[in-house]
Amino acid sequence: MSASPPVPLLSVRDLHKTFASRAGPVTALHGVGFDLAAGSTLALVGESGSGKTTTARVVLRLATPDRGSVVFDGADWLGLPARELNRRRRDVGVVFQDPATSLDPRLTIGEIVAEPLAIHGIGARAERRARAAALVASVELPASALARLPRELSGGQRQRVAIARALATEPRLVVLDEPVSALDVSVRSQILNLLRDLQRGAPSRPAYLFIGHDLSVVRWIADRTAVMYMGRIVEEAPTPVLFASPRHPYTALLLASRPRETPGPRSLPRPVLTEPPSPVDPPPGCPFHPRCAFARPVCAQEMPALVSDPTESGRSVACHAPLGDD
Amino acid sequence: MSGAAAPLLSVHALTIAVPGPSGEEVPAVDAVSFDIGAGEIVALVGESGCGKTLTSLALVDLVPPPVRLISGDVFFAGRDVRALPAREKERLRGGGIGLVFQEPATALDPVRTIGRELAEVIERHRGLSRKAAAVEAERWLKRVSLPDPGRQRNAFPHQLSGGMRQRALLALALAGGPRLLVADEPTAALDVTVQAQVLGLLLALRDELSLAVLLVTHDLGVVAEVADRVLVMYAGEIVESAPVNELFARPRHPYTRALLGARPGSAPPDSARLSALRGAVPEPGRRPPGCSFEPRCGEAFGRCVAARPILVPAGAGTEAACFLLDRVPQVRVP
Ligand SMILES: Nc1ncnc2c1ncn2[C@@H]1O[C@H](COP(=O)(O)OP(=O)(O)OP(=O)(O)O)[C@@H](O)[C@H]1O
Ligand SMILES: Nc1ncnc2c1ncn2[C@@H]1O[C@H](COP(=O)(O)OP(=O)(O)OP(=O)(O)O)[C@@H](O)[C@H]1O
Ligand code: SF4
Ligand SMILES: [Mg+2]
Ligand SMILES: [Mg+2]
């Protein structure tokens with residue numbers, strides 16, 4: 001490793017967030033932290049309710065954490081005053097899972113894509129129109145799409161529109177929350193290719209915070225992967241390292257649960273599972289211990305901290321008994 | 001197939017029409033035929049809009065108007081399903097054939113506990129007393145690995161997580177003692193860990209009860225995991241039918257090859273691009289006159305535009321509908 005690692009584009013530290021629910025308070029985030037380097041992709045994976053979207057919403061400043069900090073491009077992102085925030089929002093784009101509900105049904109595709117430019121006062125009207133046309137072309141939609149309404153497009157086409165819109169202001173960071181989960185395999189691979197081409201080819205070379213539950217997608221697109229479990233990051237590593245040798249038992253369980261790529265006898269034992277614990281009443285100690293096959297007495301008492309792995313640079317794991325340690 | 005026992009389910013030339021772009025009826029499912037044997041897990045795959053849900057609804061004569069089952073036969077355990085009197089059809093649904101629908105949110109009664117709903121299915125289809133049915137209901141909740149079934153049977157659907165709801169639905173579909181389970185995307189909304197558990201359960205039930213399954217899914221990983229045989233559907237037709245190993249090892253139809261090639265997991269992790277399938281499934285009424293796949297097919301040639309290929313045997317227990325299959329022997333035999 002070089003003496004001083006480059007300053008990350010996005011630096012998230014110790015995010016905490018508790019929601020009120022009818023069953024009682026739910027701690028959605030419990031000390032989440034990570035770095036994202038400029039022009040690279042970090043994936044957040046983990047089961048439903050583990051806090052992926054809440055993390056994304058904090059980064060987008062759509063939710064306020066109870067505690068913690070976000071440094072984006074050198075600025076204290078959560079502390080930015082409203083005026084400054086509005087000025088800098090153009091640096092962050094977002095694509096949600098469901099293109100049907102995230103696009104304004106009354107606007108044409110051209111208007112939808114040009115809207116962020118208008119909001120940020122970028123260019124004159126004619127320039128904005130030309131830029132929208134270029135964006136629509138860059139996501140490989142025909143120019144005829146510009147005059148159409150969202151409902152006149154297919155799901156995959158609408159997701160392309162959402163991506164074009166997210167990239168309109170040449171953001172340095174794009175948050176992608178399950179951007180291909182609702183799409184067919186065929187359309188999915190088109191969109192994934194597009195995302196990768198845009199990251200490498202767009203002038204702003206955006207970094208991606210990519211939320212997904214399909215591990216084969218994550219493996220293909222992400223440089224680094226962070227695994228979340230009940231509001232915490234339990235393991236974070238370069239994607240090939242994480243997939244080749246998971247050290248947290250939950251990561252190993254996730255990987256072993258993946259359906260196979262081709263039929264044939266299973267090399268890994270089929271995981272035996274219990275239901276995830278209730279988010280309202282999390283277990284003491286390591287939140288994974290009731291489901292963990294490797295738990296020791298200490299696991300029921302003390303929460304293990306996320307620490308960098310002494311045996312491998314670039315990997316962090318939060319476990320009292322990481323796999324491969326004995 | 002002479003000498004073999006009749007299959008459990010036999011579907012012949014099923015044609016289903018939907019209202020087309022200008023109001024007239026157009027076929028969404030076109031002359032679909034297939035069999036399912038006892039204890040066999042058959043996957044039905046294809047992109048969105050190919051006709052998978054309509055085909056599975058037709059098995060129990062449940063296509064929703066204005067959609068209409070125009071022609072074709074469905075034989076289940078030797079009985080002509082379409083000709084059954086209404087009451088018999090009711091008994092078949094949830095009795096001989098268990099159903100898990102694609103929209104799980106709407107499939108459970110919001111005002112009854114899952115234990116009560118399950119017990120009613122058991123009373124209705126298996127003639128047990130109310131008390132015996134309640135015991136049997138709890139046994140099924142345990143069977144589908146719902147945690148703490150003694151307590152959860154008193155839960156209302158909204159109090160369960162998505163994964164727990166899906167398992168309750170599976171219990172509901174199975175408790176009537178069906179010989180065939182028709183499950184439409186039963187794991188699409190589940191985390192991979194829960195998905196693995198539900199798939200494991202299906203395999204166990206097949207082994208223990210000789211349960212046959214028609215599994216409708218987009219997910220070829222799920223297919224690789226559990227299916228014995230695969231039906232690939234494109235634009236309302238079955239374009240390939242093959243044993244699962246044969247399908248993954250030697251796909252016959254260009255559409256099957258494209259679906260397999262588009263999986264991110266099939267690409268080496270460091271590859272710059274995934275192979276993609278351009279365009280979209282043509283809507284009913286807008287299908288081309290020749291092979292439906294021709295506009296998207298990378299291997300199309302002259303004949304594909306003019307004529308429509310039909311399913312023909314393609315070796316090793318497979319069938320496929322593609323003119324390339326005819327061409328191969330023509331090239332080899334001078
Ligand atoms: N606005 C809210 N009010 C109350 N609880 C919330 C709210 N938003 C999220 N939660 C709770 O916080 C936890 C984390 O939710 P979050 O949406 O971040 O999970 P996720 O990892 O994105 O899950 P999924 O994979 O299902 O999208 C869950 O228990 C959820 O129910
Ligand atoms: N009620 C309806 N009215 C008009 N068209 C319909 C209706 N129901 C289905 N269709 C059309 O019939 C075709 C087949 O639909 P079906 O629901 O069977 O597809 P599917 O393969 O199950 O797709 P998905 O994977 O999205 O569930 C589609 O083109 C669909 O738009
Ligand atoms: S018949 Fe022709 S167009 Fe159709 S799949 Fe075969 S090669 Fe492609
Ligand atoms: Mg989410
Ligand atoms: Mg369907």
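User: Which residues are around ligand 1, and what makes them count as near?

Analyst: The list is Phe19(A), Ala20(A), Val26(A), Ala28(A), Glu47(A), Ser48(A), Gly49(A), Ser50(A), Gly51(A), Lys52(A), Thr53(A) and Thr54(A). They count because a residue is near a molecule or strand if one of its heavy atoms lies within 4 Å of it. This is a predicted model, where local features need pLDDT of at least 70 and side-chain atom pairs count only at pLDDT 80 or more, while totals for chains, interfaces and linings use all residues. Residues are numbered from 1 along each chain as its sequence is written, chains are lettered from A and ligands numbered from 1 in the order in which they are written, and side-chain values use heavy atoms, with hydrogens and water left out.

User: What makes the pair between Lys52(A) and ligand 1 a polar contact?

Analyst: A polar side-chain atom of Lys52(A) is 2.8 Å from an oxygen atom of ligand 1. A polar contact is a pair of N or O atoms within 3.5 Å (within protein, one must be able to donate a hydrogen and the other to accept it, and residues adjacent in sequence count only if both atoms are side-chain atoms), so the pair qualifies. Thr53(A) also puts a polar side-chain atom 2.8 Å from a ligand 1 oxygen, and a backbone N or O atom of Ser50(A) is 3.2 Å from one. On its own ligand 1 exposes 640 Å², of which the protein buries 62% (Shrake-Rupley method, 1.4 Å probe; for residues, only the protein chains shown count as cover).

User: Which element gives the most to the shell around ligand 1?

Analyst: That's H1(A), with 3 residues. Helices here are DSSP runs of H or I with at least four residues, and strands are E runs of at least two, numbered from the N terminus.

User: Why are S1(A) and S2(A) called a pair?

Analyst: They share 10 bridges in the antiparallel sense. Two strands pair if DSSP finds at least two bridges between them, so these two pass. One bridge links Val12(A) to Phe34(A) in S2(A). The open sheet has 4 strands in the order S2-S1-S4-S5 of chain A, with antiparallel pairing.

User: What makes S2 and S5 of chain A edge strands?

Analyst: Each of them pairs on one side only.

User: Over in chain B, how do you know which residues come nearest to ligand 2?

Analyst: Of the 15 around it, the nearest are Ser48(B), Gly49(B), Lys52(B), Thr53(B) and Leu54(B). A side-chain N or O atom of Ser48(B) is 2.4 Å from an oxygen of ligand 2. Thr53(B) has a polar side-chain atom 2.8 Å from a ligand 2 oxygen, and for a backbone N or O atom of Cys50(B) the distance is 3.2 Å. The protein covers 69% of the 630 Å² of accessible area that ligand 2 has alone.

User: What makes Ala31(B) and the bond from Pro65(B) to Pro66(B) worth a look?

Analyst: Most residues other than glycine have a negative phi, and most peptide bonds are trans. Ala31(B), which sits in strand S2 (residues 25-36) of chain B, has a positive phi near 55°. The bond from Pro65(B) to Pro66(B) is cis, with omega near 10°, and Pro66(B) is in the loop between H1 and strand S4 (68-76) of chain B.
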